[in-house]
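Trainee: I would like to go through the terms used for this model and see what each one rests on.
Mentor: Go ahead, one term at a time.

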Amino acid sequence: MTGDHQTLALVLFSAFIAVTLAITTWVSRRRRGSAEEFYAGGRLFSPMENGFAIAGDYMSAASFLGISGLIALFGYDGLLYLVGFLVAWLAVLLLVAELVRNCGRFTLADVVAARMRERPVRIAVGAASVTVSVLYLVAQMVGAGSLVALLVGGAGHQARTWMVIVVGALMVVYVSFGGMRATTWIQIVKAVLLLAGALVLTALVVIRFHGDVNALLNTAAERSGHGRDFLAPGLKYGTGWTARLDFVSLGLGLVLGTAGLPHILARFYTVPTARAARRSAVWSIGLIGGFYLMTVVLGFGAAAVLGSDAVRASHTAGNTAVPLLALDLGGGAGSTGGTVLFALVAAIAFATILAVVAGITLASSASVAHDLYASLRRPSRRTARDAQRTEVAVARIAAVAVGAVAIGLALLAQDVNIAFLVGLAFAVAASANLPALLYALFWRRFTTRGAVWAVYGGLIPAVTLVVLSPVVSGGPEALFPGLDFALFPLANPGIVSIPSGFLMGWLGTVLSSEVADPARYARTEVRALTGAGAA
């Protein structure tokens, strides 16, 4: 990239950082220091505000950069990621949004432990939530590294490393000083910027092809190097039974995983009522659906305008397709329009990453403090207010620790497609969190042992199979290409680990000597359906 690109993009990066730090400072001066303020923003957001914030949380770097890149490289098969991400919201709206808001206070474990022995359940769900959050964080930081490598050209590896560290440091600042209220406003600002940027690029692609969708798709197929196969299923997931099973596994993880993502479920606690939570979900579905429709155009537009080979040459996983498309649509390298549009898109993508990592870090630090620390600490005679202050302090420390772990893992995974990394996070969420959540909400006989077995019965197989998969070793694109311990043939573990979570939850319950308390279930059911007694 030229010096103009770098300078303008860095100016826009700095402007967004300045705005978000100003929001964080403003919020930190107004905060009351309570757990409700830190974890849920005081439950003061309207359905529309929360809908924009949920959309900002969900429309991550994987959506903007990763899915567009996959469509540019693999055509129809890349589109399948997008379908899974969008359909997943139906499960959220119909099964969990309103019920989670009524049953919980701050975290997913609040819901699962509502009628169980709290300590073992909170430890299990808290550990699973932190694992999911770290995987999701790694994907966002890899996206940040890809962006800066594109900006600085030849100084790739060192620049990526520093960008990952900078993003990690900023997310710790946002969470530690601003809590949920600052994070929410950052996500709202980011959602508006991302939707506006995607709309402009989509309009330019449509104008380039004079509104002719057939011309867009035919040109994309021609320039992809695959011909008509680019527009048909099978380019990525049709090369054998392993690829087909991998697709089924991915689809299960994407469709079921959203309902188990801690940072998404935490957003439903920021509104005052269950009705507001449901309306928030409706707002977010509309915004997310519109955005994904534009992502389809951007992915095929990148293939048609740039060619799949040019996208792959810039980044083997396709993560830089959209910024390169913006550069060409603006007039090409060296033009003023290309420089401005490229810098704007790069800045919006950077804003996307910062906003999403802030939300994920807050959810993971809440799990550490509210679930793990609160369960493991010794009982004391301190007042509830003092206990809350201590818990919030632990959450801020946890944000630093989670950030450090995510930075380390992101530096290892810099050449992996970020949509694929997010797919792994979804699979773990669907395997560990969703079975326990659904059983707790809908199965009268569900017991503490069943909850713990459901979480670990999904989490341990999911993580183990990822470690033993081609993602980690056994190939040139693996995290450790020089090693080969890939005993599991699939890249995504969902097809095994998701049924395992449900099976272990059922098995733990039927083998337990504990008898579920029907009165506690009745109270939980009334609270979930009516909101009576909700926080």
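Trainee: Why does histidine 210 count as exposed?
Mentor: This is a predicted model, and the computed relative accessibility of histidine 210 is 74%. Exposed means over 50%, so histidine 210 counts as exposed.

Trainee: Where is the place of histidine 210, and what is its phi?
Mentor: Histidine 210 sits in the loop between helix H8 (156–208) and helix H9 (213–224). Its phi is near 55°, which is positive although the residue is not glycine.

Trainee: Why are H3 and H12 called oblique to each other?
Mentor: Helix H3 (residues 47–58) packs with helix H12 (residues 274–305) at about 45°. Angles under 35 degrees count as roughly parallel, and 65 to 115 as roughly perpendicular. The angle of about 45° fits neither range, so H3 and H12 are oblique. Their axes are 7 Å apart, and the crossing is right-handed.

Trainee: Which residues make that contact?
Mentor: From H3 they include Phe52, Ile54 and Tyr58, and from H12 they include Arg279, Trp283 and Leu287. By class, the contact has 11 nonpolar, four polar and one charged residues.

Trainee: Which residues have the most contacts inside the largest nonpolar core?
Mentor: They are Tyr58, Phe64, Phe85, Val167 and Phe268, in a core of 162 residues. Tyr58 is also among the H3 residues in the contact with H12.

Trainee: What does valine 167 touch?
Mentor: Leaving out residues up to four places away in sequence, valine 167 touches Met141, Ala144, Phe350, Ile353, Leu354 and Val357.

Conventions. Residues are numbered from 1 along each chain as its sequence is written. This is a predicted model: local features need pLDDT of at least 70, side-chain atom pairs count only at pLDDT 80 or more; totals for chains, interfaces and linings use all residues. Side-chain values use heavy atoms; hydrogens and water are left out. A nonpolar core is a set of buried Ala, Val, Leu, Ile, Met, Phe, Trp, Tyr and Cys residues joined through side-chain atoms within 4.5 Å. Buried means under 20% relative accessible area, exposed over 50%, partly exposed in between (1.4 Å probe, protein chains only). Contact means heavy atoms within 4.5 Å. Axes are lines fitted to C-alpha atoms, for helices over the stretch in contact, and angles run from 0 to 180 degrees between N-to-C directions. Helices (H or I, at least four residues) and strands (E, at least two) are DSSP runs, numbered from the N terminus. Angles under 35 degrees count as roughly parallel, over 145 as roughly antiparallel, 65 to 115 as roughly perpendicular and the rest as oblique. A crossing is left-handed if the near helix is turned anticlockwise from the far one by less than a right angle, and right-handed if clockwise. Ala, Val, Leu, Ile, Met, Phe, Trp, Tyr, Cys and Pro count as nonpolar, Asp, Glu, Lys and Arg as charged, and the others, Gly among them, as polar.
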